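Q: Please walk me through this one, and start with the terms for the linings.

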Amino acid sequence: MSEARGGERPSMSTLLDEAYRLGEGLTDPLQLTRQALAAAAPSAHVFIALCEERALRQAEASAARRLRGQPLSPFDGIPYAVKDLVDIAGMPTSAGSTLLAAGPLAARDAPVIAALSSLGMIPIGKTNLSEFAYSGLGLNPNFGTPVADAAVDEPRAPGGSSSGSAIAVQRGIVSVALGTDTAGSVRIPAAFNGLVGYRASCNRYPMQGVRALAQTLDTLGPIANSVADCIAFDGALRGTLASLPVPLRLAGIQFVVEETVLRDPLLQPAVRDNLLACMERLRAAGAVVEVRALESVARTRQLIAEHGWLGAVEAWQNYGEAVEGPHAMQIDPRVRQRLLASRAVGEREALLRQGRDQLMAGLEFELGNSVLVMPTVWHVAPPLAALEQDDAHFALTNLQTLNLTMIGSLLDMPGIAMPSGVDAQGLPTSMLFSLTQGQDDSLLAICLAVEQACRPASTT
């Protein structure tokens, strides 16, 4: 166990575990918050900034409420981490960039942070990310790159862009962290670190106070140790105390495994084999599992490959001025080059938007209420050193890493990345479950049942 876990905080503590322990008087908000802050401080590159004074003040208030028997919610007093794209009052919102880190302080909490505070949850700090949230690998040369404390041969990429949020959970600093997802930025770091990541449909949460990368595709989501925690945190983000759904019976629920993806030579054998093993468990539980090609998936991949990424159009609109400005050389050169390449995509914006609308309608017809199943990423977390040393290798690996999650992002599919097992080195593999736009509640309930049926025997 590394020093980053700190104190006696459990390495796999869940949000619901902490709520139970608080309710039973087995711990208290100050203890939880102090442990989280103590674990966060020495964890290299996981946090860009801690809000220690605010966190301890809120923990004291939470402890007082619990002593009076008046907690704001079962989650009153639970610490969590926030990706540094989301405003916390009195702190800068850096977007992982030194250009913005010295910028104006946020005047108020983003609505999602205010919603969590209304339930007594405590933000302990702002987590690291790929600069401007514009990479799927999670490297950041300006603030450093956080890495998992897993026992593997060499440090691995954390996944991005919500790298710090994932590592904060993987290291047991917090039980849940808030991320954003535009092309895979919640699902990919969850996949690389053996966690659960939920990309919500756009507009499920208010996006005010969240620095934009690509407004059409930006959304939020939790990274946690379980689907149940993601469901609980999803309700908290919306300011509700919705009870967990009763796990569905899997009998009769239809899953479609995308056949073309399974046959692609990019797919590492362990990723494929672990996914198929889970599908067999679903079949044994009575689910209907088909393996077939989906034209909508193939056409989406083709649109992106031939005409570019819609998110690139808006990313250039948001950050092009910085990339062409006098301080451009302060930007991560890999991110800068990717943004510069985004300029030309703007010429195809109308085509991309029209194609997106057609593809979403086609998927609705082709998939219906079936759950789409794919690997979250073709591969396990790649070695970090090679990515840092070779820009061409980084660029190719980044595009491959984003390739599958981009599909659901473009079509605004709610998606849940879940651990499927590990490879021969013990590195986590992941599978992605998605439904068509707006079916978030159904997907969360289904994945709660999938988690019980397919929970891998061991993860990092």
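A: Residue classes come first. Ala, Val, Leu, Ile, Met, Phe, Trp, Tyr, Cys and Pro count as nonpolar, Asp, Glu, Lys and Arg as charged, and the others, Gly among them, as polar. A cavity is a set of points on a 1 Å grid over the protein atoms alone where a 1.4 Å probe fits but cannot get out. A pocket is an open set with protein on both sides within 12 Å along at least five of seven lines. Lining residues have an atom within 4 Å of a point.

Q: And what kind of model is it?
A: It is a predicted model, where local features need pLDDT of at least 70, side-chain atom pairs count only at pLDDT 80 or more, and totals for chains, interfaces and linings use all residues. Numbering runs from 1 along each chain as its sequence is written, and side-chain values use heavy atoms, with hydrogens and water left out.

Q: How many cavities of 30 Å³ or more are there?
A: The search of the whole structure finds 3. The largest has a volume of about 80 Å³. Its lining has 13 residues, and the closest to its centre are Ala133, Tyr134, Ala183, Leu213 and Arg338. By class, that lining divides into 7 nonpolar, 5 polar and 1 charged. A volume here is the space filled by probe spheres set on the grid points, which are joined across faces, edges and corners.

Q: What about the second largest cavity, how much space lies there?
A: About 50 Å³. Its lining includes Phe192, Val271, His379 and Pro428. The largest share, 3 residues, comes from β11. Both α7 (187-192) and β11 supply at least two residues. The split is 6 nonpolar, 4 polar and no charged. Helices (H or I, at least four residues) and strands (E, at least two) are DSSP runs, numbered from the N terminus.

Q: Back to Tyr134. Where does it sit, and is it buried or exposed?
A: Tyr134 is in the loop between β3 (122-127) and α6 (163-170). Its relative accessibility is 5%, so it counts as buried. Buried means under 20% relative accessible area, exposed over 50%, partly exposed in between (1.4 Å probe, protein chains only).

Q: What does Tyr134 touch?
A: Not counting residues up to four places away in sequence, its contacts include Ser161, Leu213, Val335, Arg338, Leu339 and Ser342. Contact means heavy atoms within 4.5 Å.

Q: Helix α13 then. Which of its residues are buried?
A: In α13 (residues 333-342), they are Arg334, Val335, Arg336, Arg338, Leu339 and Ser342. Their cover includes α12 (310-323), α15 (384-389), α16 (391-402) and α17 (405-410).

Q: What caps the N-terminal end of α13?
A: Asp332 does, with a side-chain oxygen 3.0 Å from the backbone nitrogen of Arg334.

Q: Which helix gives the largest share of the lining of the largest pocket?
A: That is α13, with 6 residues. The pocket holds about 540 Å³ of space. Of its 21 lining residues, the closest to its centre are Arg338, Ala395, Asn398, Leu399 and Met406. At least two lining residues come from each of α11 (295-307), α13 and α16. The lining divides into 12 nonpolar, 5 polar and 4 charged.

Q: New topic: Thr436. Where is it?
A: In the loop between β11 (428-434) and α18 (440-454). At 2% relative accessibility, Thr436 counts as buried.

Q: What polar contact does its side chain make?
A: One with the side chain of Gln439, at 2.6 Å. A polar contact is a pair of N or O atoms within 3.5 Å; within protein, one must be able to donate a hydrogen and the other to accept it, and residues adjacent in sequence count only if both atoms are side-chain atoms. Leaving aside neighbours within four places in sequence, Thr436 is in contact with Leu363, Glu364, Leu367, Gly368, Met413 and Pro414.

Q: And Ser163, buried or exposed?
A: Buried, at 0% relative accessibility. Ser163 is in helix α6. Beyond four places in sequence, it touches Asn128, Leu129, Ser130, Gly138, Pro146 and Pro158.

Q: Last one, the overall picture. How many helices and strands?
A: The protein has 18 helices and 11 strands. Buried residues make up 59% of the 460 residues.

Q: What is the radius of gyration?
A: It is 21 Å, which agrees with the value near 23 Å for a compact globule of 460 residues. The radius is taken over C-alpha atoms, and the globule rule is 2.2 Å times the number of residues to the power 0.38. The C-alpha atoms fill a box of roughly 60 × 60 × 40 Å along the principal axes.
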